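Reader: I would like to learn how to read salt bridges in a protein model. Where should we begin?

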Amino acid sequence: MSFNCTSPHETIAPKLFIEASAGTGKTFVIEHYVVRAVLDASLEGNYVDPKAFALITFTKAVARELRLRVQTALRRARDFFLEENISDDIPEYFSLYTDK
């Protein structure tokens, strides 16, 4: 099954279960899934606390990496929408939330 979490054409489901081999991009998908879920909720006038997500991993090291990557992705989104430190390397799904 193909799933491109950065595509603006991909629908984000309210629940997501990812099970895959090492090196397949699970952490990448999760970090962008969280950002999109937060942005989708904000479009509807709702607030989603990123701490409310249940992200389960096998090791503490992976949990730390996942936490850092989600925090970084959320900061990057915040900076983009506040027009601070905007880089050219932004996910294409940001186009769903702005006219930029």
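Author: Begin with the term. A salt bridge is a side-chain nitrogen of Lys or Arg within 4 Å of a carboxyl oxygen of Asp or Glu. Keep in mind that this model is predicted.

Reader: How many salt bridges does the structure hold?

Author: The structure holds three. Take Glu31 and Arg69, whose side chains meet with an N to O distance of 2.7 Å. This pair links distant parts of the chain, since Glu31 lies in helix H1 (residues 26–43) and Arg69 in helix H2 (residues 60–81), 38 residues apart.

Reader: Is Glu31 buried or exposed?

Author: Buried means under 20% relative accessible area. Glu31 has 11% relative accessibility, so Glu31 counts as buried. Its partner Arg69 is partly exposed, at 27%.

Reader: Which other side chain meets Arg69 in a salt bridge?

Author: That of Glu65, at 3.0 Å from N to O. Glu65 and Arg69 are separated by about one helical turn because they are four residues apart in helix H2. Glu65 is partly exposed, with a relative accessible area of 37%.

Reader: Which residues are linked in a network of salt bridges?

Author: Glu31, Glu65 and Arg69 form that network. Arg69 meets Glu31 in one salt bridge and Glu65 in another.

Reader: What about Arg78 and Asp79?

Author: The side chains of Arg78 and Asp79 also meet in a salt bridge, with 3.0 Å from N to O. Here Arg78 is partly exposed, with a relative accessible area of 44%, whereas Asp79 counts as buried at 14% relative accessibility.

Conventions: Residues numbered from 1 in each chain as written. Predicted model: local features only at pLDDT ≥ 70, side-chain atom pairs only at ≥ 80, totals over all residues. Heavy atoms only, no water. Helix = DSSP H or I, 4+ residues; strand = E, 2+ residues; numbered from the N terminus. Buried < 20%, exposed > 50% of the residue type's maximum accessible area, 1.4 Å probe, protein only.
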